[in-house]
Amino acid sequence: MNPKKTGFALIGAGIFGQHHAQAYGRHWAVDFVSVCDLDGERAHEIAQLHGARMSTTDYTELLENPDIEAISIATPDHLHREIAVACAKAGKHLLIEKPLATTVEDTQAILDTANASGIKLMVDFHNRVNPAMVNAREAIRRGHIGRPAYIYSRLSNTTMVSTDMLRWASESSALWFLASHMIDIVCWILEDKVHKVYAVSREGILRDLGVQAPDFHVATIEFCNGAVAVFENAWILPRSHATVKDLKLEILGSEGALYVDSSHNRALEIYSENKATYPDLLAPPTGNHLTGFVLDSIAYFVDSVTQNTPVLATGEDGLTVTKIICAILDSAERGEPVFLDKVDM
């Protein structure tokens with residue numbers, strides 16, 4: 001007897017949207033109904049590749065389709081609100097790529113509509129199932145390093161990401177694209193709330209490359225329980241870098257320390273004539289199954305919809321991250337600390 005399948009669809013078939021297509025195409029409980037993208041050829045190609053029944057360039061067609069119960073939104077960061085609100089009003093469960101939105105107003109609108117509609121809303125903070133981060137959180141919960149006191153977080157990309165990979169990079173920044181991951185993961189690991197933010201940024205290198213975005217942000221964040229964290233996020237690593245990303249997390253506690261290297265762990269090193277490369281073996285899928293923590297996160301959403309289990313990260317979690325990033329932007333612009341209770345709603 002074939003198990004009952006639930007209809008899922010994807011809006012946004014770009015680089016990360018393709019991971020959602022991979023997960024839906026491979027999950028036993030999913031009837032992959034449709035792929036939507038403004039590029040009709042790409043939508044058709046991704047639908048064909050991952051077994052979706054159809055493709056379209058008009059997302060409103062998905063809202064009217066009774067076979068579709070849940071939708072992934074993987075459009076550019078700044079284009080989530082209109083689509084998400086429309087999907088929520090149509091009663092579709094939602095998985096939205098991080099950040100949930102790039103203003104507090106837009107994020108709150110998505111959250112309010114989702115709550116009013118009674119749908120499930122998950123933000124794809126997939127580092128919550130990154131094995132290194134999961135084990136770091138468990139180590140702190142077990143008291144292995146005592147009370148967390150100081151945190152250093154770094155997640156940066158080479159210039160290839162902002163100049164070649166993201167056509168919409170000028171509408172975003174390393175802060176939205178990268179810091180959203182690390183701010184969420186540190187808050188999740190510490191199980192604490194942010195009290196105060198102070199940040200600086202600089203620009204010029206990317207502008208010379210045609211990208212209207214800051215080169216980097218560095219933020220010092222104070223948590224309510226006393227811990228202090230420094231977040232470093234840049235889009236200006238050289239193309240010669242051995243990985244496209246540089247991800248480090250250090251937490252110093254009252255009785256020990258822990259260190260996460262999720263980019264340069266050297267499980268595999270490849271040296272060609274002109275370049276060294278350290279492939280990412282944790283995030284992407286291996287073979288034709290649901291492997292890698294990126295697909296694992298999407299599988300959490302499928303489970304939530306089909307088995308009524310909790311989502312991995314809630315809309316409220318998404319709102320928290322957006323408020324913190326907005327505070328960082330405000331602090332960098334004004335050159336003074338910003339308190340989280342002062343962030344404009």
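Two strands are taken to pair if DSSP finds at least two bridges between them. The exercises below apply to a predicted model.

**Exercise 1. Establish the strand order of the open sheet of seven strands, and find which helices pack on that sheet.**

Step 1. The open sheet has its seven strands in the order 12-11-7-10-9-8-15, and the pairing is mixed. The edges are formed by strand 12 (257-261) and strand 15 (338-339), each of which pairs on one side only.

Step 2. Within this sheet, strand 7 (residues 148-157) and strand 11 (residues 245-253) run antiparallel and are joined by nine bridges; one residue pairing to locate is that of Arg 154, whose bridge partner in strand 11 is Lys 248.

Step 3. Helix 8 (residues 174-190) packs on the sheet, where it touches strand 7, strand 8 (194-202), strand 9 (216-223), strand 10 (228-234) and strand 11, and its direction makes about 155° with that of strand 7. Helix 11 (residues 315-334) also packs on the sheet, touching strand 8, strand 9 and strand 15, with a direction at about 50° to that of strand 8.

**Exercise 2. Classify the ring pair of Phe 8 and Phe 301, and that of Phe 177 and Trp 235, and describe the surroundings of these residues.**

Step 1. A search of the whole structure gives five aromatic pairs. In the pair of Phe 8 and Phe 301, the ring centres are 5.9 Å apart and the planes stand at 85°, so the pair is edge-to-face, given that planes over 60 degrees apart fall in that class.

Step 2. This pair connects distant parts of the chain, since Phe 8 lies in strand 1 (residues 6-11) and Phe 301 in helix 10 (residues 293-307), 293 residues apart. Phe 8 is buried, with a relative accessible area of 0%, and Phe 301 is likewise buried at 0%. Ring pairs further link Phe 8, Tyr 24, Phe 32 and Phe 301 into a cluster.

Step 3. For Phe 177 and Trp 235, the ring centres lie 6.0 Å apart with the planes at 55°, so this pair is tilted. Here too the pair links distant parts of the chain, with Phe 177 in helix 8 and Trp 235 in the loop between strand 10 and strand 11, 58 residues apart.

Step 4. Phe 177 is buried, with a relative accessible area of 16%, a value to be read against the limit of under 20%, while Trp 235 counts as buried at 0%. The ring of Phe 177 also has the charged end of Lys 98 sitting over it, 4.4 Å from the ring centre.

**Exercise 3. Determine how many disulfides the structure holds, and examine Cys 87 and Cys 326 in that light.**

Step 1. The search of the whole structure returns zero disulfides. Cys 87 is in none, as the nearest cysteine sulfur, that of Cys 36, is 9.1 Å away; Cys 87 counts as buried, at 0% relative accessibility.

Step 2. For Cys 326, the closest cysteine sulfur belongs to Cys 187 and is 14 Å away, which is too far for a bond.

**Exercise 4. Decide whether strand 5 (residues 93-97) is enclosed or open to its surroundings, and identify how strand 4 is joined to strand 5.**

Step 1. Five of the five residues of strand 5 are buried, so the strand is largely enclosed by the rest of the structure. Both of its faces are covered, with His 93, Leu 95 and Glu 97 buried on one side and Leu 94 and Ile 96 buried on the other.

Step 2. Strand 4 (residues 70-73) runs parallel to strand 5, and four bridges join the two; the bridge partner of Ser 72 in strand 5 is Leu 95.

Definitions and conventions: Residues are numbered from 1 along each chain as its sequence is written. This is a predicted model: local features need pLDDT of at least 70, side-chain atom pairs count only at pLDDT 80 or more; totals for chains, interfaces and linings use all residues. Side-chain values use heavy atoms; hydrogens and water are left out. Contact means heavy atoms within 4.5 Å. Axes are lines fitted to C-alpha atoms, for helices over the stretch in contact, and angles run from 0 to 180 degrees between N-to-C directions. Rings of Phe, Tyr and Trp (its six-membered ring) pair if their centres lie within 6.5 Å; planes under 30 degrees apart count as stacked, over 60 as edge-to-face and the rest as tilted. Buried means under 20% relative accessible area, exposed over 50%, partly exposed in between (1.4 Å probe, protein chains only). A charge sits over a ring if NZ of Lys or CZ of Arg is within 6 Å of the ring centre and within 35 degrees of the ring normal. A disulfide is a pair of cysteine sulfur atoms within 2.5 Å.
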